[in-house]
Amino acid sequence: MSESGTQLFARLEARRCLRDIEPHLFPGDGGPDHGEVVELFGPEGTGKTELLYHLLCRCVLPQAAGGLEVDVVFVDTDYSLDMFRLVSILDSRLNAGLSTGSATGSEESLRSCLSRLLVVHCSSSSQLLLTLHFLETTLSLRPGLALLVIDSMSAFYWLDRCEVGASVAKQEERLSKCAELLGRLLRDYRFTILATCHAIRGSYSGPDRPYLCRPWQRLVTHRLLCSRQEVENSVAARRRRVFTVHCSSRTKGSRSSSFCVTDGGVQFL
């Protein structure tokens with residue numbers, strides 16, 4: 001397939017690096033670099049969704065409000081994206097970081113943030129694979145696109161297992177194709193991936209690692225493990241639930257941080 005001049009320019013142009021996406025989370029000299037993959041996982045009720053929304057808002061918020069002002073594609077495989085919660089967090093961060101001076105100005109700022117977000121829904125691994133194929137066109141046309149969010153990467157694990165029978169190779173075939181395609185797109189377009197993952201474990205996965213196919217495991221460069229923190233038994237502690245996120249990186253070591261969830265989103269402690 002021939003490549004137009006616009007596509008070549010978009011592919012070769014340096015996209016915004018997300019190393020500053022959240023200084024509280026990542027060890028070493030910052031967060032993910034071009035072409036890297038962050039996997040977010042943990043049991044239910046450990047703050048994963050709120051942390052995901054926090055990172056998403058950091059990307060689409062304007063720089064004047066402490067954001068990175070980049071475009072994001074959100075692939076919703078669980079149909080669980082809560083737009084009301086996301087808009088509430090954005091509105092809170094905009095009011096705290098900008099002096100818009102009027103309700104109209106605040107509404108325009110919010111609309112500008114949402115214009116940087118493209119949401120796609122998938123209901124099967126086949127649809128996910130097709131979506132990723134079409135993603136290349138979006139990457140070509142939007143050089144400001146710096147982050148792909150997949151929530152979640154393991155949504156169709158059991159469905160695929162039921163459809164193809166006992167063969168592990170067949171069970172993992174579609175997900176492996178998705179991972180291989182993502183690897184090529186990462187090399188060609190140098191964006192960043194943030195993907196959530198359910199706690200599915202297999203015979204060759206570690207004690208705190210979700211089980212997914214090997215091509216996906218080879219892509220992941222940072223893993224964020226969320227857990228609920230035990231706090232002292234006091235009235236103040238019971239009112240504020242505290243979570244811990246442990247970040248492990250292939251090259252930068254590890255780091256643990258604590259956060260609580262407020263009406264305005266994640267607040268690091």
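This report describes the sheet of a predicted protein model, the helices beside it, and two of its residues.

The secondary structure of the protein chain comes to 10 helices and nine strands. Of its 269 residues, 51% count as buried, and among the contacts in the chain with a separation of 6 or more, 69% are made by residues 24 or more positions apart.

**The sheet**

Nine strands form an open sheet with mixed pairing, and their order across the sheet is S3-S2-S4-S5-S1-S6-S7-S8-S9. The edges are taken by strand S3 (117–121) and strand S9 (265–268), each of which pairs on one side only. Neighbouring strands of this sheet are turned by 25° against each other on average, if direction is ignored. Helix H2 (residues 48–60) packs on the sheet, where the strands it touches include strand S1 (37–41), strand S6 (222–228) and S9, and the direction of H2 makes about 95° with that of S9.

Three of the strand pairings can be set side by side, each with one residue pair that illustrates it.

| Strands | Sense | Bridges | One residue pair |
|---|---|---|---|
| S2 and S3 | parallel | five bridges | valine 75 and valine 120 |
| S2 and S4 | parallel | six bridges | valine 75 and isoleucine 150 |
| S4 and S5 | parallel | four bridges | valine 149 and leucine 194 |

Valine 75 thus appears in two of these rows, since it stands opposite valine 120 in S3 and has isoleucine 150 as its bridge partner in S4.

How many of the residues of S2 are buried? Strand S2 is mostly covered, with six of its six residues buried. In a regular strand the side chains alternate between the two faces of the sheet. In S2, Asp71, Val73 and Val75 point one way, whereas Val72, Phe74 and Asp76 point the other way, and all of them are buried.

**Threonine 131 in helix H5**

Threonine 131 lies in helix H5, and it counts as buried because its relative accessibility is 17%, while the cut-off for buried is under 20%. Leaving aside its neighbours within four places in sequence, threonine 131 is in contact with Val75, Val120 and Cys122. Of these, Val75 belongs to S2 and Val120 to S3. Threonine 131 and histidine 121 are 10 residues apart along the chain, and their C-alpha atoms are separated by 9.0 Å.

**Helices H5 and H8**

The axes of helix H5 (residues 125–141) and helix H8 (residues 173–189) come within 9 Å and cross at roughly 10°, which means that H5 is roughly parallel to H8. The residues that meet here include Leu128, Leu132, His133 and Glu136 from H5, and Lys177, Cys178, Leu181 and Tyr189 from H8. By class, the contact of H5 with H8 has 10 nonpolar, four polar and four charged residues.

Cys178, one of the residues of H8 that meet H5, is buried, because its relative accessibility is 0%. Why does cysteine 178 not form a bond with cysteine 213? The sulfur of cysteine 213 is the closest cysteine sulfur to that of cysteine 178, but the two are 8.5 Å apart, which is too far for a bond, because a disulfide requires sulfur atoms within 2.5 Å. By this rule the count for the model comes to zero disulfides.

Key:
Residues are numbered from 1 along each chain as its sequence is written. This is a predicted model: local features need pLDDT of at least 70, side-chain atom pairs count only at pLDDT 80 or more; totals for chains, interfaces and linings use all residues. Side-chain values use heavy atoms; hydrogens and water are left out. Axes are lines fitted to C-alpha atoms, for helices over the stretch in contact, and angles run from 0 to 180 degrees between N-to-C directions. Helices (H or I, at least four residues) and strands (E, at least two) are DSSP runs, numbered from the N terminus. Angles under 35 degrees count as roughly parallel, over 145 as roughly antiparallel, 65 to 115 as roughly perpendicular and the rest as oblique. Contact means heavy atoms within 4.5 Å. Ala, Val, Leu, Ile, Met, Phe, Trp, Tyr, Cys and Pro count as nonpolar, Asp, Glu, Lys and Arg as charged, and the others, Gly among them, as polar. Buried means under 20% relative accessible area, exposed over 50%, partly exposed in between (1.4 Å probe, protein chains only). Two strands pair if DSSP finds at least two bridges between them.
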